[in-house]
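Reader: I've got a protein model open and some of the labels puzzle me. Could you walk me through them?

Author: Sure, let's put it on screen and take the labels in turn.

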Amino acid sequence: MKLKSISPLRIFPDNWYDNCLFKNFYHNSDFPLNVDIGSGKGRFIFGRSKNYPNENFLGIERQLGRINKSSKKCEMNQRKNVKFLRIEGLYAVKYLIPKNYISNYYLFFPDPWPKERHYQNRLFNELFVRSIHKTLTINGCFHIKTDHQNYFKDIYNTLSMNRKFGKIKSLSLKENEKTDFERLFYNKKIYSCSFTKLVD
């Protein structure tokens, strides 16, 4: 049985229980680090990393098939500013990412778990918000997109009422940065918002 080689764009921290200095894995560790939570098949991170070559990008995704597809595409196109981490988003933000470390978080089309009895499975909750805030740099940004109106209202209201965040203009994406989901459901209403970290 032939074993598949592991992409050099994959990150494997030495310690999965404590902060990891992710910037040290990049060709230029001085670049700002941006995190795509739930990077999926990687269309956003592939396009964004091309448009912003002087920034680093970390795709966090738990599904191995998606990680393999994304990393292979970026590797073939010599994206030195992209890495991938296979893990649950909340765990990564809460335990692995250092304080005041991330310039931008992107959370696009998270699973809405639409049935009320499943709400506890949603990624977006108070613990997640606290972890995002802790790990963002001052003036760092949190960008959200979803097609689920009720989930969006919960997200928007939670961040709006948090005095440590300030609302800013929603992120506008170029065509090559739009996710497969957004392109597939182009005729659906997409809700988006962006917030910036004001204070520690």
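Reader: What is the strand order of the open sheet?

Author: This is a predicted model, and in it seven strands form an open sheet in the order β3-β2-β1-β4-β5-β7-β6, with mixed pairing.

Reader: Why are β3 and β6 called edge strands?

Author: Each of them, β3 (82–86) and β6 (165–168), pairs on one side only. As for the twist, neighbouring strands of this sheet are turned against each other by 20° on average, ignoring direction.

Reader: How do you know that β6 and β7 count as paired?

Author: Two strands pair if there are at least two bridges between them. β6 and β7 (residues 191–197) have four bridges, in the antiparallel sense, so by the cut-off of at least two they count as a pair. One spot to look at is Ile 168, whose bridge partner in β7 is Ser 194.

Reader: And what holds strands together in general?

Author: Strands of a sheet pair through backbone hydrogen bonds, parallel or antiparallel.

Reader: Which strands does helix α2 touch?

Author: Helix α2 (residues 64–76) packs on the sheet and touches β2 (56–61) and β3. The direction of α2 makes about 170° with that of β3. Then there's helix α5 (residues 149–160), which lies across β5 (136–146), β6 and β7 and runs at about 20° to β7.

Reader: Why is Gln 78 called exposed?

Author: Exposed means over 50% relative accessible area. Gln 78 has 66%, so exposed is the right word. You'll find Gln 78 in the loop between α2 and β3.

Reader: What makes the phi of Gln 78 worth a remark?

Author: The phi of Gln 78 is near 55°, a positive value in a residue other than glycine. Asn 139 also isn't a glycine, and has a positive phi of about 75°. Asn 139 sits in strand β5.

Reader: Is Asn 139 buried or exposed?

Author: Buried would need under 20%, and exposed over 50%. Asn 139 has a relative accessible area of 56%, so Asn 139 is exposed.

Reader: Which residues make the nonpolar surface patch?

Author: Phe 181, Leu 184 and Phe 185 make the patch, about 270 Å² of it. Leu 184 belongs to helix α6 (residues 180–184).

Reader: How do you know that Leu 184 counts as exposed?

Author: Put the value against the cut-off: Leu 184 is at 58% relative accessibility, and exposed means over 50%, so Leu 184 counts as exposed.

Definitions and conventions. Residues are numbered from 1 along each chain as its sequence is written. This is a predicted model: local features need pLDDT of at least 70, side-chain atom pairs count only at pLDDT 80 or more; totals for chains, interfaces and linings use all residues. Side-chain values use heavy atoms; hydrogens and water are left out. Patches are made of residues with over 30% relative accessible area and no salt bridge: like charges are joined within 9 Å, nonpolar side chains (Val, Leu, Ile, Met, Phe, Trp, Tyr) within 5 Å. Accessible areas come from the Shrake-Rupley method with a 1.4 Å probe; for residues, only the protein chains shown count as cover. A salt bridge is a side-chain nitrogen of Lys or Arg within 4 Å of a carboxyl oxygen of Asp or Glu. Buried means under 20% relative accessible area, exposed over 50%, partly exposed in between (1.4 Å probe, protein chains only). Axes are lines fitted to C-alpha atoms, for helices over the stretch in contact, and angles run from 0 to 180 degrees between N-to-C directions. Contact means heavy atoms within 4.5 Å.
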